[in-house]
Structures are given as structure tokens and as C-alpha cells.
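Here is a quick walk through the charged and aromatic side-chain contacts of one protein model. Have the structure open while you read.

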Amino acid sequence: MSIIARQLKDATRENERLKKEKMMKNELSEERCEIIISLADNNMNINKTARLLYMHRNTVEYHINRIKEITGKNPRNFYDLHRLVLMAKTERAERWIEANS
């Protein structure tokens with residue numbers, strides 16, 4: 001494979017990764033960040049999370065499924081949920097910084 005073809009392939013792969021990251025940021029709304037954090041705080045109990053957020057259980061389920069589609073991480077899995085909590089808190093901090101600068 002020529003150097004130019006390899007560089008083009010790498011650039012395309014990097015472009016796709018950046019597009020996916022941008023889409024994840026746009027789709028990870030404040031409401032979904034709140035659901036992720038609340039789900040972790042409530043030991044992955046969907047009923048308790050829904051009750052505390054004043055949402056129907058099916059609404060929380062819908063958002064959990066959307067989060068899984070968007071990020072590729074399953075909020076029902078402890079390790080993935082941990083990563084999602086870090087992502088949600090980072091997203092919240094970035095929004096706060098943007099709003100207050």
C-alpha cells in the first residue's frame with residue numbers, strides 16, 4: 001500500500017472518529033446526563049431512578065437504550081456505567097464552563 005493511500009485511510013478513519021464524538025456530544029443531553037448519574041447513584045435500579053427523576057420507568061428505559069445506541073456503552077453494565085458517569089460529568093462541566101465564560 002502506498003504512503004498516500006495509507007495516509008488517506010488514516011485521515012478518513014480519524015474523520016469518522018471525530019464525527020462520532022461530535023454526534024455523541026450533541027446527543028448526550030442534560031437530561032440523559034442526569035439519568036446516567038442518577039442510575040449510578042441508585043445502584044442501577046431503574047424503578048428508583050425513574051421515581052427520583054419524576055419520570056415513567058419506560059421513559060428511563062428509552063433513554064438508557066438511546067444512550068447505548070449513541071455511545072456504544074451499556075448503562076446496565078457496571079464498567080460501562082462508570083465510563084458513562086465520567087463522560088456525563090465531564091459534559092456537565094464543559095457546559096458550565098461555556099455558560100460562565
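Is Arg76 buried, partly exposed or exposed? Arg76 comes out as partly exposed, at 36% relative accessibility. Keep in mind that this is a predicted model.

**Salt bridges**

Go through the whole structure and you'll find eight salt bridges. Arg76 takes part in one of them, pairing its side chain with that of Glu61 at 2.4 Å, N to O. This pair ties together distant parts of the chain: Glu61 belongs to helix H4 (residues 57-71), while Arg76 sits in the loop between H4 and helix H5 (78-99), 15 residues apart. The two partners don't share a burial class. Glu61 has 17% relative accessibility and counts as buried, because the cut-off for buried is under 20%. Arg76, at 36%, counts as partly exposed.

Helix H4 also holds a more local contact. Arg66 and Glu69 form a salt bridge, with 2.8 Å between the closest N and O atoms. Both residues lie in H4 and are three residues apart, about one turn of the helix. Glu69 counts as exposed, with 56% relative accessibility.

Over in helix H5, the side chains of Glu91 and Arg95 meet in a salt bridge at 3.3 Å, N to O. Why are these two about one helical turn apart? Because they are four residues apart in H5. Glu91 is buried, with a relative accessible area of 10%, whereas Arg95 is partly exposed at 26%. Both also belong to a network of salt bridges that links them with Glu30, Glu34 and Arg92.

Here are those three pairs side by side:

| Salt bridge | N to O distance |
|---|---|
| Glu61 and Arg76 | 2.4 Å |
| Glu69 and Arg66 | 2.8 Å |
| Glu91 and Arg95 | 3.3 Å |

**The aromatic pair**

How many aromatic pairs does a search of the whole structure find? Just one. Its members are Phe78 and Tyr79, with ring centres 5.3 Å apart and 80 degrees between the planes. That makes the pair edge-to-face, because planes over 60 degrees apart fall in that group.

Are Phe78 and Tyr79 buried or exposed? Phe78 is exposed, with a relative accessible area of 54%, and Tyr79 is exposed too, at 58%. Both get that label because their values are over 50%.

Key: Residues are numbered from 1 along each chain as its sequence is written. This is a predicted model: local features need pLDDT of at least 70, side-chain atom pairs count only at pLDDT 80 or more; totals for chains, interfaces and linings use all residues. Side-chain values use heavy atoms; hydrogens and water are left out. Rings of Phe, Tyr and Trp (its six-membered ring) pair if their centres lie within 6.5 Å; planes under 30 degrees apart count as stacked, over 60 as edge-to-face and the rest as tilted. Buried means under 20% relative accessible area, exposed over 50%, partly exposed in between (1.4 Å probe, protein chains only). A salt bridge is a side-chain nitrogen of Lys or Arg within 4 Å of a carboxyl oxygen of Asp or Glu.
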